[in-house]
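Q: Please take a close look at the salt bridges of this structure. Which side chains pair up, and where do the partners lie?

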Amino acid sequence: MVALPDRILISAEEYLIWEPTQEQRYEYWDGEVVAMSGGARNHNRVSGNFFKLLDDALADRSCEVYIVDVKVQVEPGQKYFYPDVVVTCDERDDDPQFIHFPCLIIEVLSPSTEAADRGKKFAAYRQCPTLQEYVLVQVAQPGVEVFRRNEQGKWVLSDYNLGDRLLLESVNVEIAIADLYRQVEFEAEATD
C-alpha cells in the first residue's frame, strides 16, 4: 500500500478525474482532497435502514434516494461531499457523476466525522438553495436532530428520541425513529 501525503491539493477538474479511479472515497474541500473514513457496523446499519425506509416510501414518486457512494456537488469547483444518504426530487438532477439539487441530506455521525458534519459541512450545505432538511443521526445512543429551512430561509432544529416519529417534510415521509435503529447495538452507558 502506498502512503499518501497528509494533504493532497489539486484542482476540482483533476479531482473529478482522479477520485473515481481510487479504491477509497475522497471528498473535495476547496482544493484539498479529504479521505473518507470507514464506518462501523452501527453506522452502516443506520445508514442502510434510513436508505431502505426512504427508498420504499418514495418508490412511486419521482424522487431518487442514494446511499454512501454518490457525491453531492455543494459548490461547483469547490466542494464535493459524500453524504450517508441523499434524496433529490428535482428533474434537473440527471448528471451521472453527482447530485446537484438535493432536498434532503442525512449524515450518520461518528466520532471522526461529527465535528465536520455539524460545522463545515453543514455550513456548506446551507448554501444549497434546494436543500430543505439536514438530518444528523447518532449511533452511540439513539437520537436524531433535524435542521429544517423555514419559510424565512432560517434553519430550525428539532430533536427526536427513540419513541418518536419523524416527519420528513421535504419528501412528506414519516418514519419511526425506532425503525432507524433496527438491529443496532448501543454502547453501554458508563455509570458512576
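A: Arg 165 is partly exposed in this predicted model, with a relative accessibility of 48%. Its salt-bridge partner is Glu 174, and the N to O distance between the two side chains is 3.2 Å. Glu 174 is also a partly exposed residue, at 47% relative accessible area. Apart from this pair, a network is formed by Glu 27, Glu 107, Asp 117 and Lys 121, which are joined through salt bridges that share partners.

A further pair is made by Arg 148 and Glu 133, whose closest N and O atoms are 2.6 Å apart. Arg 148 belongs to strand S11 (residues 144-149) and Glu 133 to strand S10 (residues 133-137), so this salt bridge ties together parts that lie 15 residues apart in sequence. Buried means under 20% relative accessible area. Arg 148 is buried, at 11%, and Glu 133 is buried as well, at 1%.

Arg 92 takes part in a salt bridge with Asp 90, again between side chains, with an N to O distance of 2.6 Å. Arg 92 has a relative accessibility of 47% and counts as partly exposed.

These pairs belong to a longer list: the search of the whole structure finds 14 salt bridges. Among them are the pair of Arg 148 and Glu 133, the pair of Glu 174 and Arg 165, and the pair of Arg 92 and Asp 90.

Terms used
Residues numbered from 1 in each chain as written. Predicted model: local features only at pLDDT ≥ 70, side-chain atom pairs only at ≥ 80, totals over all residues. Heavy atoms only, no water. Salt bridge = Lys/Arg side-chain N within 4 Å of Asp/Glu carboxyl O. Buried < 20%, exposed > 50% of the residue type's maximum accessible area, 1.4 Å probe, protein only. Helix = DSSP H or I, 4+ residues; strand = E, 2+ residues; numbered from the N terminus.
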